[in-house]
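Trainee: Could you walk me through reading side-chain features in a model like this one?
Mentor: Sure, let's get it on screen and take the features in turn.

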Amino acid sequence: MSSSWNSVGLEVLYQVIGWIAFVAWSFSFYPQVVLNYRRKSVVGLNFDFLVLNFTKHSSYLIYNAALFFSPFIQQQYHDKFGDKEMIPVAANDVAFSLHAVALTSFTLYQVFIYERGNQKVSKVCISISAVVWSAAIVCLIVAWPKSNWLWLIDVFNSIQVAMTTVKYIPQAVMNFRRKSTVGWSIGNILLDLTGGVLNFGQMGVQSIDQHTLVNFYGNIGKTLLSLETVFFDVLFIIQHYVLYPVKRDENGKAIISERVAPLIRPSDKPEEDSV
C-alpha cells in the first residue's frame with residue numbers, strides 16, 4: 001500500500017481519538033445492560049430498536065472487517081479511489097463492531113429473561129429485517145461471479161446507515177407516547193454522543209493530513225453514522241432532560257406516570273431512574 005501518513009503527530013492523534021471513541025461507544029452499551037439488570041425489567045426499552053440495532057451492527061461489522069483485513073478488497077478500494085488514498089477503516093472500527101454485536105446480542109438475551117410487560121417486536125420491524133437480509137443475500141449472489149466484493153461491502157455499509165436512521169425512531173416515538181424516558185438509559189445516549197463526535201473528529205484529522213476529503217465520501221457510511229448519531233442523541237437528551245424530566249419521590253426514586261397503559265401494568269411499582 002503506497003498511502004501513508006504525512007505527519008507522525010496527526011497519525012498519533014488519529015489513533016488516540018479513534019480509541020477514545022471506541023471506549024465511549026463501547027461503554028455506551030453498558031448503562032442499558034446494567035439498568036435492565038437492576039430493574040429485572042426491559043419495560044421502556046423498545047424491542048424494535050434492539051432488533052434493528054443488531055442488523056445495523058452486524059452489517060457494519062461485515063463492512064469494517066472485510067475492508068480492514070482483506071488485501072483483495074483493499075486493492076479494489078485503491079483501484080477506485082487511487083493508490084495514495086488511505087483505507088478509511090481503522091482497527092478501533094473493527095473492535096467496536098465486534099463489541100457492539102456481542103453487547104446487542106446480550107441485551108436481546110435480557111429481553112427473554114426479564115419482565116417485558118406487553119411489549120413485543122412489531123410486524124413492521126420483522127418485515128424490515130427480513131427484506132434487508134434477503135436483499136443482502138441477493139447482492140451476495142450478484143457479486144460472487146465477478147468478485148465485486150467492494151461493491152458488496154458498500155451495500156452492507158449502506159444497510160448500516162439506513163438502519164442507524166430507522167432504529168432510533170421506534171424508541172423516540174415510544175418516549176413521546178409514554179411522555180417518559182424511564183427504562184431507556186440516558187448514560188447510553190451521552191456516551192453514544194461522545195463517540196459520534198470523536199468519530200467525526202478522527203476522520204477530520206485524516207483529511208487534514210492527506211489534504212483531501214476522500215475519506216469522508218470514500219467511507220460515506222462512517223460519515224453519515226456520526227451525523228445521524230449526533231442528531232438522534234441530541235433529540236433523546238432533549239426528551240430526557242427537557243420534555244419528560246424524571247419526577248422523584250422523597251427517596252430519590254423515579255415516579256412513573258404512564259400515559260400508555262399496555263407498556264406497564266397498574267400493579268407495577270415505581271422503578272429506579274436511568275443509569
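Mentor: What follows goes from the fold to aromatic rings, charges, a buried polar residue and a surface patch. One caveat up front: this is a predicted model, where local features need pLDDT of at least 70, side-chain atom pairs count only at pLDDT 80 or more, and totals for chains, interfaces and linings use all residues. Residues are numbered from 1 along each chain as its sequence is written, and side-chain values use heavy atoms, with hydrogens and water left out.

Trainee: How many helices and strands are there in the chain?
Mentor: Helices (H or I, at least four residues) and strands (E, at least two) are DSSP runs, numbered from the N terminus. Here you get 10 helices and two strands, in the order α-α-α-α-α-α-α-α-α-α-β-β along the sequence. Of the 275 residues, 52% are buried; buried means under 20% relative accessible area, exposed over 50%, partly exposed in between (1.4 Å probe, protein chains only).

Trainee: How do I read an aromatic pair?
Mentor: A ring pair is described by the distance of the centres and the angle of the planes. The rings of Phe, Tyr and Trp (its six-membered ring) pair if their centres lie within 6.5 Å; planes under 30 degrees apart are stacked, over 60 edge-to-face, and the rest tilted. Searching the whole structure gives 15 aromatic pairs. For F106 and Y109, the centres are 6.0 Å apart and the planes at 40 degrees, so that pair is tilted. Both residues belong to helix α5 (residues 91-113), three residues apart, about one turn of the helix. F106 is partly exposed at 38% relative accessibility, and Y109 is partly exposed at 46%.
Mentor: W144 and W149, on the other hand, pair edge-to-face, with 5.8 Å centre to centre and 85 degrees between the planes. W144 is exposed at 58%, while W149 is partly exposed at 21%. Ring pairs also link F49, Y168, W184, F231, F232 and F236 into a cluster.

Trainee: Which lysine lies over the face of Y37?
Mentor: That's K40, at 3.7 Å from the ring centre. The test is NZ of Lys or CZ of Arg within 6 Å of the ring centre and within 35 degrees of the ring normal. K179 does likewise with F176, its charged end 3.9 Å from the centre of the ring.

Trainee: And salt bridges?
Mentor: Side chains of opposite charge can pair when their charged atoms come close. The rule wants a side-chain nitrogen of Lys or Arg within 4 Å of a carboxyl oxygen of Asp or Glu, and the count comes to one. K80 bridges to D154, with the closest N and O atoms 4.0 Å apart. This pair links distant parts of the chain, K80 in helix α4 (residues 71-81) and D154 in helix α7, 74 residues apart. K80 is exposed at 54%, and D154 is partly exposed at 23%.

Trainee: Is Q160 buried or exposed?
Mentor: Buried, at 0% relative accessibility. Q160 sits in helix α7 (residues 149-178). Its side chain makes polar contacts (N or O atoms within 3.5 Å, one able to donate a hydrogen and the other to accept it; residues adjacent in sequence count only if both atoms are side-chain atoms). The partners include the side chains of K56 at 2.8 Å and N157 at 3.2 Å.

Trainee: Which helix gives the most to the nonpolar patch?
Mentor: Helix α10 (residues 220-243), with five residues. One residue in helix α10 is V242, exposed at 59%.
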